[in-house]
Amino acid sequence: MNTYYAANLLIFAGVDIIACLALNLQFGVSGIVNFSFIIFQAAGAYAAAILSMPPDSAPDYSFQIYFGGYQLPFPIPWIGGAIAGGLLALPVGLVVLRRLRADYQAIALLVTSIIANTVINNARPLLNGAAGLALVPQPLQDQVDTNTHAYQYLYIGLTAICVAIIWFISARIVNSPYGRSLRAMRDNELAATALGKNPSALKMTMFIVGGAIAGLSGAILVGFLQVWAPSTWLYPETIILFAAVIVGGRGNNVGAILGALLVPVGFEEVTRLLTRMNVGPPQLIPALEWICIGLFILGFLWFRPRGVAPEPRHVFPGAPVTEDTHWVEGAHAS
Amino acid sequence: MPLSEPMLTARDVHRHFEGLHAVDGVSIEVMPGRITGLIGPNGAGKSTLMAVLAGTLPASSGTVIFQGEDITRMPAYQRARRGLVRTFQLPSEFAQLTVLENLMVAAPDNRGESLLGALLGKRYWMPDEERLVAQARGLLKRFGMSAKESDYAGTLSGGQKRLVEIMRALMLRPRLLLLDEPMSGVHPSIVDEIAGYLETLRDEGMTILMVEHELHMVDRLCDPVVVMAQGKVIGQGGMAALRKQPEIVEAYLVG
């Protein structure tokens with residue numbers, strides 16, 4: 001295994017872990033079925049790209065058309081990516097989250113994702129349309145040689161730091177009284193309202209926080225890939241992340257990480273390996289990958305709906321000892 | 001505030017659903033320190049009235065005044081924070097939270113209940129949390145549910161879920177408790193217990209407005225009683241006096 005391959009794997013894993021932690025906050029903890037999740041990652045990637053790229057009038061870049069081009073140094077593009085994801089959550093959330101019922105929210109968000117992709121794909125002057133942005137500068141490329149092993153390790157390190165920060169934030173939210181209110185809202189929104197919780201505010205906050213984290217994951221990804229196009233953020237990418245959170249364990253940060261390693265990382269690698277082994281016609285393996293992801297979601301929802309690492313039961317210190325009853329989906333009429 | 005001042009006043013409250021007048025010009029007063037009963041046949045508009053008073057449904061017209069403040073346009077969560085707390089006709093526990101967590105969700109004044117507070121970490125909010133856990137455990141003990149504190153609320157029996165809901169509402173330290181059929185679907189032995197708790201709460205000065213179908217329970221707990229039929233109030237007063245009015249007996253038995 002060469003360094004480039006290892007770096008590739010680790011950085012993708014980091015990006016997927018960050019994305020899954022964000023989706024877990026929104027979907028697993030707060031019950032927001034955000035089928036437009038990937039557009040927040042895309043917003044972060046585009047923002048990081050135009051913040052770090054020179055203007056499109058620059059000699060090497062004149063084959064593309066885009067706005068901005070600010071040539072700002074690292075880490076501003078990454079921070080900007082997170083801010084862009086959070087900012088995008090504002091209008092989307094205000095339109096979708098306040099008035100609609102939860103199932104309609106999911107549909108509206110899915111449609112939002114498709115519309116956003118179609119618009120960026122076709123409005124070329126905005127962000128170079130379907131061809132996407134290329135030659136996105138890598139972080140610190142002015143200071144260090146990016147074609148070395150050392151740079152790969154540096155990038156892995158930067159990604160790991162981001163994973164640690166996002167893990168810290170997610171853990172603090174999930175394990176706090178605030179996180180408890182989010183879970184209560186997920187279980188029964190009307191009852192939470194009757195107890196003085198403001199579901200619109202809670203959902204909006206988690207939409208923005210999750211959007212910002214997704215934006216950061218996009219910024220990390222684009223700095224590594226150096227290209228970003230509409231074909232990289234089609235709505236099925238969101239489904240993969242949902243599969244990861246469901247398989248890993250909704251509501252549990254450890255579950256989100258396990259899911260990220262099992263589904264996006266694991267599947268991608270197996271697919272890549274099988275494709276390289278030339279099994280069957282060229283499109284067979286990628287098509288089978290989608291079938292497998294679908295079966296994976298169904299299988300887990302059917303047989304292990306709480307995932308590999310279920311949401312832990314919170315026992316307060318000093319609680320009387322009780323038998324260890326597990327939550328079983330569907331076993332309790334409610 | 002003198003004792004004669006009503007805790008809650010509804011004036012000419014209407015609630016229409018696409019032409020159906022579920023609540024059709026209701027005016028009632030809820031006096032402090034009493035359990036006011038709300039009775040009437042199915043479809044009389046009792047639950048709709050409760051929802052309008054709690055803010056879960058907006059009123060089509062009319063005025064709702066709580067402790068001297070016009071709350072007609074106030075969202076439900078703000079009414080709850082002011083001490084106007086409702087329970088639901090159907091069980092509405094947070095199923096995947098434990099019993100103690102269900103109570104803790106309702107507790108006000110916890111520094112960890114904001115995003116910033118959560119990010120500042122345990123050291124910032126733990127003192128509040130510990131104080132509120134002690135308070136919640138006090139309630140659990142009082143309602144005989146201590147052994148169940150770490151059980152998922154979704155695994156409880158119907159009667160226990162009712163108790164959780166009442167305890168949860170009490171965590172908010174309500175000024176006025178709106179109970180929508182707190183005894184429905186509950187085993188008779190627990191019904192008696194719940195009635196006992198409600199009497200104790202009343203004797204401690206709590207104001208309660210409750211919808212109830214079991215007339216012997218209304219006899220025992222409620223004074224005064226408001227009778228509704230077809231969206232209107234058709235009588236109010238003591239149960240003994242109401243029983244003597246033939247139109248009320250007829251509406252309740254026939255309607």
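**Talking through a two-chain predicted model**

Colleague: Which domains does the assignment give for chain B?
Modeller: Keep in mind that this is a predicted model. The domain assignment splits chain B into two pieces, and domain 1 comes in two segments, 8-92 + 174-254. Domain 2 of chain B is 94-155.

Colleague: What distance separates the centres of domain 1 and domain 2 of chain B?
Modeller: Take the centres over C-alpha atoms for both domains of chain B. The separation then comes out at 29 Å.

Colleague: Over to chain A: how many helices and strands are there?
Modeller: Reading along the sequence of chain A, you get α-α-α-α-α-α-α-α-α-α-α-α. That makes 12 helices and 0 strands.

Colleague: Why call chain A as compact as a globular protein of its length?
Modeller: For 334 residues the globule rule gives 20 Å. Chain A is close to that, so it counts as equally compact, with a radius of gyration of 21 Å.

Colleague: What share of the contacts in chain A join residues at least 24 apart?
Modeller: Count contacts in chain A between residues at least 6 apart in sequence. Of those, the share joining residues at least 24 apart is 78%.

Colleague: In the largest nonpolar core, which residues touch the most other members?
Modeller: That core has 170 residues, and each of the two domains of chain B gives it at least three. One of the top residues, Ile18(A), touches Cys162(A), Val163(A), Ile166(A), Ile213(A), Leu216(A) and Ser217(A), leaving out residues up to four places away in sequence. The residues you're after are Ile18(A), Cys20(A), Ala49(A) and Val227(B).

Conventions
Residues are numbered from 1 along each chain as its sequence is written. Chains are lettered from A and ligands numbered from 1 in the order in which they are written. This is a predicted model: local features need pLDDT of at least 70, side-chain atom pairs count only at pLDDT 80 or more; totals for chains, interfaces and linings use all residues. Domain bounds come from an automatic or database domain assignment. Helices (H or I, at least four residues) and strands (E, at least two) are DSSP runs, numbered from the N terminus. The radius of gyration is taken over C-alpha atoms; the globule rule is 2.2 Å times the number of residues to the power 0.38. Two residues are in contact if their C-beta atoms, placed from the backbone, lie within 7 Å. A nonpolar core is a set of buried Ala, Val, Leu, Ile, Met, Phe, Trp, Tyr and Cys residues joined through C-beta atoms within 7 Å. A residue is buried if 20 or more other C-beta atoms lie within 10 Å of its own, exposed if 12 or fewer, and partly exposed in between; C-beta atoms are placed from the backbone.
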